[in-house]
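Student: Could you walk me through this one? I'd like to hear how each label gets its name.

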Amino acid sequence: AILPAPEGGYWLGSGNDGKVLRVAANGSVSTLFDAPEAEVHALAPAPGGGVYAATSPDGRIYRVAPDGTSTVFFDPDDKYIWSLAVDASGTVYAGTGEKGIVYRIAPDGTGQPFYDTRTSHVVSLAFGADGRLLAGTESPGRLFRVDQNGRGFVLLDSPFKEIHAIRVDRSGAIYATAIDGK
């Protein structure tokens with residue numbers, strides 16, 4: 001996972017080490033956070049210049065402050081948290097696996113299931129130009145658009161195994177990267 005840092009540079013989520021690395025604008029690298037879990041799959045901006053880090057196995061979301069101090073923000077019963085998105089109000093959305101649930105999490109860390117994709121994994125999340133949540137899934141590779149009431153619509157039922165990434169350009173066009181997994 002990669003996310004621009006507010007002070008310049010980037011935050012990187014690592015696999016097999018479960019770390020969030022800070023890459024400064026000058027290229028120097030330091031460890032911001034070392035998770036107890038093995039993987040950091042997703043990052044999203046958190047209040048006060050921090051970052052949310054989503055992990056697996058035993059998926060959790062941590063709120064990591066700019067100084068590296070951390071707290072568990074959300075801890076569902078799901079094995080994986082693959083994706084994160086934060087709306088303008090500070091509400092966090094988390095895409096999970098093995099049940100393909102999207103959670104909606106209030107800024108205080110209380111969350112509940114928001115949308116059941118009826119797939120195995122929600123591996124990508126983004127917001128459309130209209131503010132509705134977009135969710136890319138694996139097994140099968142579908143792209144959903146979900147309104148604020150948790151009602152979803154399949155925008156794309158692809159022949160591929162996974163919708164791995166979603167981007168929305170300034171005109172509102174949606175781009176989805178699909179992979180076959182073969």
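**Labels and what backs them**

Tutor: Sure. Leaving out residues up to four places away in sequence, Ile-174 touches Leu-134, Leu-143, Leu-155, Ile-166, Arg-167 and Val-168. Keep in mind that this is a predicted model.

Student: What makes Leu-134 and Ile-174 count as touching?

Tutor: Contact means heavy atoms within 4.5 Å. Leu-134 is among the residues that Ile-174 touches.

Student: Where does Ile-174 sit, and is Ile-174 buried, partly exposed or exposed?

Tutor: Ile-174 is in strand 18, residues 174-179. Its relative accessibility is 32%. Buried needs under 20% and exposed needs over 50%, so Ile-174 counts as partly exposed. For a sense of distance, the C-alpha atoms of Ile-174 and Val-40 are 25 Å apart, with their positions 134 residues apart along the chain.

Student: Let's go to Leu-134. How do you know that strand 14 is mostly covered?

Tutor: Count the buried residues: in strand 14 (residues 133-138), 6 of 6 are buried. Leu-133, Ala-135 and Thr-137 are buried on one side, and Leu-134, Gly-136 and Glu-138 are buried on the other. Both faces are covered, then.

Student: What makes strand 13 and strand 14 a pair?

Tutor: Pairing takes at least two bridges. Strand 13 and strand 14 have 6 bridges and run in the antiparallel sense, so the label fits. Ala-126 stands opposite Leu-134 there. The two strands form a hairpin with 5 residues between them, and Gly-131 in the turn has a positive phi of about 85 degrees.

Student: And how many bridges join strand 14 to strand 15?

Tutor: There are 4, and these strands run antiparallel as well. The partner of Leu-134 in strand 15 is Arg-145. This hairpin has 3 residues between its strands, and Ser-139 in the turn has a positive phi of about 60 degrees.

Student: On to charges. Why is the link between Arg-132 and Asp-130 called a salt bridge?

Tutor: The cut-off is 4 Å between a side-chain nitrogen of Lys or Arg and a carboxyl oxygen of Asp or Glu. In Arg-132 and Asp-130 the closest N and O atoms are 2.6 Å apart, so the pair qualifies. Arg-132 has a relative accessible area of 32%, so it is partly exposed. Asp-130, with 44%, is partly exposed too.

Student: What about Asp-157 and Arg-142: how far apart are the closest N and O atoms?

Tutor: They are 3.3 Å apart, and the two residues form a salt bridge. This pair links distant parts of the chain, with Asp-157 in strand 16 (residues 152-157) and Arg-142 in strand 15 (residues 142-146), 15 residues apart. Arg-142 has 23% relative accessibility, so it counts as partly exposed.

Student: How many salt bridges does the structure hold?

Tutor: The structure holds 7. Some residues are joined in a network of salt bridges, namely Glu-37, Arg-60 and Asp-75.

Student: Last topic, the largest pocket. What is its volume, and which residues are closest to its centre?

Tutor: The volume is about 690 Å³. Of the 24 lining residues, the closest to the centre are Leu-43, Leu-84, Leu-125, Ile-166 and Arg-167. Strand 1, strand 5, strand 9, strand 13 and strand 17 each supply at least two residues of the lining.

Student: How many residues of each class are in the lining of the largest pocket?

Tutor: The lining has 18 nonpolar, 4 polar and 2 charged residues. Leu and Ile count as nonpolar and Arg as charged.

Conventions:
Residues are numbered from 1 along each chain as its sequence is written. This is a predicted model: local features need pLDDT of at least 70, side-chain atom pairs count only at pLDDT 80 or more; totals for chains, interfaces and linings use all residues. Side-chain values use heavy atoms; hydrogens and water are left out. Buried means under 20% relative accessible area, exposed over 50%, partly exposed in between (1.4 Å probe, protein chains only). On a 1 Å grid over the protein atoms alone, a cavity is a set of points where a 1.4 Å probe fits but cannot get out, and a pocket is an open set with protein on both sides within 12 Å along at least five of seven lines; lining residues have an atom within 4 Å of a point. Grid points are joined across faces, edges and corners, and a volume is the space filled by probe spheres set on the points.
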